[in-house]
Amino acid sequence: MSPARETIGIGMVGHAFMGAVHSHAWRSVHRFFDSPLVPRLAVLGGRDEARAKAAAEKYGWEDVETDWRKLVARDDVGLVDVCTPGDSHAEIAIAALEAGKHVLCEKPLANSVAEAEAMAEAARRARERGVRAMVAFNYRRVPALAHARNLVASGALGEIRHVRSVYLQDWLSDPEAPMTWRLRKESAGSGALGDLGAHIVDAAQFVTGDLITGVSALTNTFVKQRRSESGGTDEVTVDDTALFLARLSSGAVASFEATRYALGRKNSMRLEVNGSKASLAFDFESMNELQWYEGSGTEAGFRRILVTEPQHPYVSAWWPPGHLLGYEHTFTHEVADLLEAIGAGTDPAPGFDDGLRVQRVLDAVERSAAAEANWTSVEEK
């Protein structure tokens with residue numbers, strides 16, 4: 001019989017799409033990973049009590065709160081999981097850290113650099129008291145992308161020369177699709193740039209180990225008004241697509257595209273890295289695979305690596321080789337890493353400083369696009 005593990009009460013604020021996958025992760029993580037802490041789904045936060053209670057019953061939460069401040073203050077909550085729109089990330093996360101609660105916060109970290117800086121500073125202060133904070137870039141936890149990072153770090157690709165990454169969806173292609181909070185700058189911060197671009201910025205920096213130092217960008221809004229819930233129309237105040245060129249700290253060059261208007265592309269997050277010795281390519285719509293190229297001559301070509309072997313990152317916790325993992329597993333890997341860091345007293349990755357770096361890239365993209373694609377340095381302080 002394995003020794004009893006300490007429990008940690010989770011308080012999650014928000015219960016829509018992200019709340020559903022986070023709930024699944026908290027329920028399953030200790031059953032597949034040897035986590036030093038066993039999460040208890042203590043309390044779910046939502047503004048509408050009836051909807052919050054229905055979600056709590058569906059996803060397995062013990063209690064609900066309609067005021068996030070009460071949730072943060074509860075003695076049975078040791079970790080606060082922030083799954084709300086970006087306009088409330090800073091206030092909730094900072095309050096939780098100051099209350100001595102560990103924090104997991106959805107991406108992008110905030111709606112502005114100023115908010116992200118305040119969150120990162122709060123995380124640094126909390127770290128001195130043993131309180132940990134992590135930003136939820138779940139694609140880092142795709143075993144194939146984690147394996148790609150290991151290949152780059154090993155030197156197998158040689159000198160990195162090119163990075164190209166796109167994130168393509170099509171759910172806004174219909175101009176009759178209704179208005180949502182994701183199309184309002186005051187709630188979302190930005191559009192495809194923050195929603196999708198944040199992921200590919202973090203993935204590129206994670207896999208290469210390099211930081212983006214400057215960008216030349218353009219953004220566009222294709223549908224400028226959307227049908228509102230009241231039956232009228234509301235102005236769309238965020239970008240529908242963002243494209244930018246970038247330079248990395250190693251000297252490599254990169255290109256990025258994020259859009260929610262690519263008809264036929266449902267969730268195609270792609271990353272390709274070309275080095276002096278080899279190349280690799282990844283597409284989330286085939287998330288258990290990497291494409292790998294090395295060699296020369298007429299018989300050389302890309303080959304498939306099926307990333308389902310137990311020696312691949314995270315895979316040993318799951319099924320026999322060849323039995324594929326899915327989107328939900330990335331969140332289980334995410335909370336497994338966070339619980340491991342809390343138990344070991346170490347900083348989880350990506351931390352709020354990493355989230356701040358991504359926020360500064362997004363800010364540089366917006367500033368470049370506003371200045372007719374002028375080359376814009378990513379600010380570092």
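**View 1. Strands β7 and β13 pair up in the antiparallel sense.** Eight bridges hold this pairing together on paper, with β7 covering residues 160–168. This is a predicted model, so keep that in mind for every view here. Look for Y167, which stands opposite M269 in β13. Strand β13 itself spans residues 268–275 and is mostly covered, with six of its eight residues buried.

**View 2. A hairpin takes β13 into β14.** The link between the two strands is made of two residues. β14 (residues 278–283) runs antiparallel to β13, and five bridges join them. One pair to pick out is N274 and its bridge partner in β14, S279.

**View 3. The second largest pocket has a volume of about 180 Å³.** Its lining counts 13 residues, and those nearest the centre are R270, L271, A281, F282 and D283. The elements giving two or more residues to this lining are β7, β13, β14 and β15. Sorted by class, the lining has five nonpolar, three polar and five charged residues.

**View 4. N288 sits in the loop between β14 and β15.** Strand β15 covers 289–294. Is N288 buried or exposed? N288 counts as buried because its relative accessibility is 9%, and the cut-off for buried is under 20%. Leaving out residues up to four places away in sequence, N288 touches I305, L306, V307, T308, L324 and L325.

**View 5. The largest pocket has a volume of about 1200 Å³.** Here 47 residues make up the lining, and A16, C83, T84, P85 and W181 lie nearest the centre. Elements that give two or more residues to this lining are α1 (17–32), α4 (89–98), α7 (185–188), α8 (192–208) and α9 (327–344). Which element gives the most to the lining? That's α8, with four residues. By class, the lining of the largest pocket has 17 nonpolar, 18 polar and 12 charged residues.

**View 6. Helix α10 runs through residues 352–370.** From first C-alpha to last, its 19 residues reach 27 Å, close to the 27 Å expected at 1.5 Å a residue. The buried residues of α10 include F352, L356, V358, V361, L362 and V365. Some buried residues aren't greasy names at all: Q359, R360 and S368 are among them. In an α-helix there are 3.6 residues a turn, so residues three or four places apart point the same way. After α10 comes E372, whose phi is positive, near 60°.

Key
Residues numbered from 1 in each chain as written. Predicted model: local features only at pLDDT ≥ 70, side-chain atom pairs only at ≥ 80, totals over all residues. Heavy atoms only, no water. Expected span 1.5 Å × (residues − 1). Buried < 20%, exposed > 50% of the residue type's maximum accessible area, 1.4 Å probe, protein only. Pairing = 2+ DSSP bridges. Contact = heavy atoms within 4.5 Å. 1 Å grid on protein atoms, 1.4 Å probe; cavity = no way out; pocket = protein on both sides within 12 Å on 5 of 7 lines; lining within 4 Å. Points joined across faces, edges and corners; volume = space filled by probe spheres on them. Nonpolar A, V, L, I, M, F, W, Y, C, P; charged D, E, K, R; others polar.
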